[in-house]
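Work through the exercises below with the sequence and the structure at hand. Try each task before reading its solution.

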Amino acid sequence: MPATLSHLECSACGEHLNANELQNLCPVCGSPLLARYDLAKVKASITPQQIEDRPRMGIWRWQELLPVSDPQYMITLGEGDTPLLHMPRLGQRVGLDHLYIKDEGVNPTGSFKARGMAAGVSRGWELGVKAFVTPTAGNAGGAMAAYAAHAGLQAHVFMPKDAPMTNQIETQIYGAQLILVEGLINDAGKAAAAEGEKNGWFEMTTLKEPYRIEGKKTMGLELAIHFKENGQWKLPDVILYPTGGGVGLIGMWKAFDEMEQLGWIGSERPRLVVVQSDGCAPIVKAYQQGALASEIWQNARTIASGLRIPAVRGDRLILRALRETNGTAIAVSDDEILEAQWLVARLGGVFAAPEGAACYAAVIKLVESGWIQADEKVLIYNTGSGMKYNEILPKPVI
Ligand SMILES: *Cc1c(COP(=O)(O)O)cnc(C)c1O
Ligand SMILES: [Zn+2]
């Protein structure tokens, strides 16, 4: 396959960087870097129909829009191509005919972190990385460990001491070094950065590395096929996304732009909704204040460990995506999350992670307030499997 990746671009100052060298943050201003492609070349080499006709090959169905060019480095464990599930009973409970769940719980390692790590670890491997390090609230560490194991590379994972036991176990069974840290993911981040620097491990920290976002971008790409109408790729009206670091949300937003530039979709966009827990809602607070950036959230606490991210590096990009798509941001309580988890299981047949269930709790509120209309196509991302959270029990409500 011809290399389509052209360069990296700073999301804040616009600086261009060589994509064939390992890069972390922008060396000029310290902001996240975004991968840019030669889209004319992509357009000349593949059509939407050819992509649809490809067999299942993990995220690499989209390889012309991903950063790895040599197939021998395209690691797949079967991530991606997750089902889009229509949820009639769950929808009818709130008066929606077109409520869908994109079920990321069926990914390898039980969460959509697999998509990001498939791309990030593969590209790092292609560029010669032998050892990776990342802080994690839980799922990213397990996913990085799995992809590194498959390629025979080293993984070092810094995790809060009270992260779910399943995450601690999976990280170790894949052969990664697990380092438990006092405090939250931002404390783990400091330790990971220091040890990485000292030992020459490449940092895979959320948005401190430009390619995990590319893997998560495939969630947005797949939607265009799911919502196809009259032979034309289309998107839903509203997307609810449980937001921690916001990588998936930024990734989808980027995917939509790339598809529009390729002429694969039109200019309409889904309204993007950030869903957080009221015990850790830095983006919701910033959005409500009309701010361009978020502040660190004090005493972050929620059962949805993937949402327990008090300091958000991609805050400016997330807030921009909300403004540009006429989206919104909403917080729900842990009690509401537990209820929603039970409802999604009972009325939908999906044992959602608390993060995914939070989105149904948000749907209930947004339908009540009139922000979501009855005839709209509404998509919830269930970002992980409820089976990974074996310390919490959903709360019966019916
Ligand atoms: C990491 C994680 C999130 C948050 O994802 P971001 O893209 O970083 O916002 C949500 N749900 C689950 C299950 C996660 O593991
Ligand atoms: Zn910059």
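The exercises treat backbone angles and then salt bridges.

This is a predicted model, in which local features need pLDDT of at least 70, side-chain atom pairs count only at pLDDT 80 or more, and totals for chains, interfaces and linings use all residues. Residues are numbered from 1 along each chain as its sequence is written, and side-chain values use heavy atoms, with hydrogens and water left out.

**Exercise 1.** Describe the phi angle and the setting of Asn 230.

Step 1. Most residues other than glycine have a negative phi.
Step 2. Phi of Asn 230 is positive, near 50 degrees.
Step 3. Asn 230 sits in the loop between helix 8 (212-226) and strand 10 (238-242); helices (H or I, at least four residues) and strands (E, at least two) are DSSP runs, numbered from the N terminus.
Step 4. Its relative accessible area is 82%, so Asn 230 is exposed (buried is under 20%, exposed over 50%, partly exposed in between, with a 1.4 Å probe and protein chains only).

**Exercise 2.** Find where Arg 54 and Glu 64 lie and what their salt bridge ties together.

Step 1. A salt bridge needs a side-chain nitrogen of Lys or Arg within 4 Å of a carboxyl oxygen of Asp or Glu.
Step 2. The side chains of Arg 54 and Glu 64 form one, at 2.8 Å from N to O.
Step 3. Both residues lie in the loop between helix 2 (48-53) and strand 4 (84-86), so the pair ties together parts 10 residues apart in sequence.
Step 4. Arg 54 and Glu 64 are both buried.

**Exercise 3.** Place the salt bridge of Glu 258 and Lys 254.

Step 1. Their closest N and O atoms are 2.7 Å apart.
Step 2. Both lie in helix 9 (residues 247-261), 4 residues apart, about one turn of the helix.

Definitions and conventions
Chains are lettered from A and ligands numbered from 1 in the order in which they are written.
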